[in-house]
Amino acid sequence: MRAANRDLTSAGVIVVGPGVFLRAEDHEANELITNEQKTALGALHLRKIDLADRVLVVNPGGYIGESTSREIAYARATGKPISFTDPV
């Protein structure tokens, strides 16, 4: 995500990206987010989609997780153009 943000920003695009936080599965996590924080962040990501002109999904190797799938569905429902960094 950092590389996509850097490249787009360097090209003059305003990037409104999701916050990136460690999950319990990340063995190096020093601070984990609570379920309440996860819910609030999910809602915040949808508001960011509302602000966006288009959505770029960073999906290395074609992987799309559960939260990202929900966000893609929301973006489609709101008519936002969607593109992917890797084939789905």
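**Exercise 1. Work out the surroundings of glutamate 71 in this predicted model: where does it sit, and what is the nearest side chain of opposite charge?**

*Solution.*
Step 1. Start with the charge. Glutamate 71 is buried, yet it has no salt bridge. The nearest side chain of opposite charge belongs to arginine 70, 6.6 Å away. A salt bridge calls for a side-chain nitrogen of Lys or Arg within 4 Å of a carboxyl oxygen of Asp or Glu.

Step 2. Now place the residue. Glutamate 71 is part of helix H3.

Step 3. Look for partners further along the chain. With neighbours within four places in sequence set aside, glutamate 71 is in contact with His45, Leu46 and Ile49.

**Exercise 2. Find glycine 19 and say which residues it touches, not counting those up to four places away in sequence.**

*Solution.*
Step 1. Locate the loop between helix H1 (2-10) and helix H2 (35-51); glycine 19 lies there.

Step 2. Check how much of the residue is open. Glycine 19 has 30% relative accessibility, so it counts as partly exposed.

Step 3. List the contacts. Glycine 19 touches His45 and Lys48. Histidine 45 is 26 residues away from glycine 19 in sequence, but their C-alpha atoms are 8.2 Å apart in space. You have met His45 already, as one of the contacts of glutamate 71.

**Exercise 3. Describe the chain as a whole: how many helices and strands does it have, and in what pattern do they follow each other?**

*Solution.*
Step 1. Count the elements: there are three helices and two strands.

Step 2. Read along the sequence, and the pattern comes out as α-α-β-α-β.

Step 3. Consider burial and surface. Of the 88 residues in the chain, 16% are buried. The chain exposes about 6,700 Å², with 55% of that supplied by carbon and sulfur atoms.

Step 4. Turn to contacts between residues at least 6 apart in sequence. Of these, 63% join residues at least 24 apart.

**Exercise 4. Name the residues of the largest nonpolar core, then follow valine 57 outward from it.**

*Solution.*
Step 1. The largest nonpolar core consists of five residues, namely Ile49, Val55, Val57, Ile72 and Ala75. Two or more of its residues come from each of the elements E1 and H3.

Step 2. Residues up to four places away in sequence aside, valine 57 touches Thr68, Ile72, Ile82, Ser83, Phe84 and Thr85.

Step 3. Pick threonine 68 from that list. Threonine 68 belongs to helix H3 (residues 66-77) and is partly exposed, because its relative accessibility is 27%. Between threonine 68 and valine 57 there are 8.0 Å from C-alpha to C-alpha, with a sequence separation of 11 residues.

**Exercise 5. Compare two residues: is leucine 56 buried or partly exposed, and is asparagine 59 buried or exposed?**

*Solution.*
Step 1. Leucine 56 sits in strand E1 (residues 55-57). Its relative accessible area is 31%, so leucine 56 is partly exposed.

Step 2. Leucine 56 also joins Met1 and Val58 in a nonpolar surface patch, whose accessible area is about 230 Å² together.

Step 3. Asparagine 59 is in the loop between E1 and H3. Asparagine 59 counts as buried because its relative accessibility is 0%.

Step 4. Finish with its contacts. Beyond four places in sequence, asparagine 59 touches Ile64, Phe84, Thr85, Asp86, Pro87 and Val88. Phe84 and Thr85 are also among the residues that valine 57 touches.

Notes: Residues are numbered from 1 along each chain as its sequence is written. This is a predicted model: local features need pLDDT of at least 70, side-chain atom pairs count only at pLDDT 80 or more; totals for chains, interfaces and linings use all residues. Side-chain values use heavy atoms; hydrogens and water are left out. Helices (H or I, at least four residues) and strands (E, at least two) are DSSP runs, numbered from the N terminus. Buried means under 20% relative accessible area, exposed over 50%, partly exposed in between (1.4 Å probe, protein chains only). Patches are made of residues with over 30% relative accessible area and no salt bridge: like charges are joined within 9 Å, nonpolar side chains (Val, Leu, Ile, Met, Phe, Trp, Tyr) within 5 Å. Accessible areas come from the Shrake-Rupley method with a 1.4 Å probe; for residues, only the protein chains shown count as cover. Lys and Arg count as positive and Asp and Glu as negative; His and the chain ends are not counted. Contact means heavy atoms within 4.5 Å. A nonpolar core is a set of buried Ala, Val, Leu, Ile, Met, Phe, Trp, Tyr and Cys residues joined through side-chain atoms within 4.5 Å.
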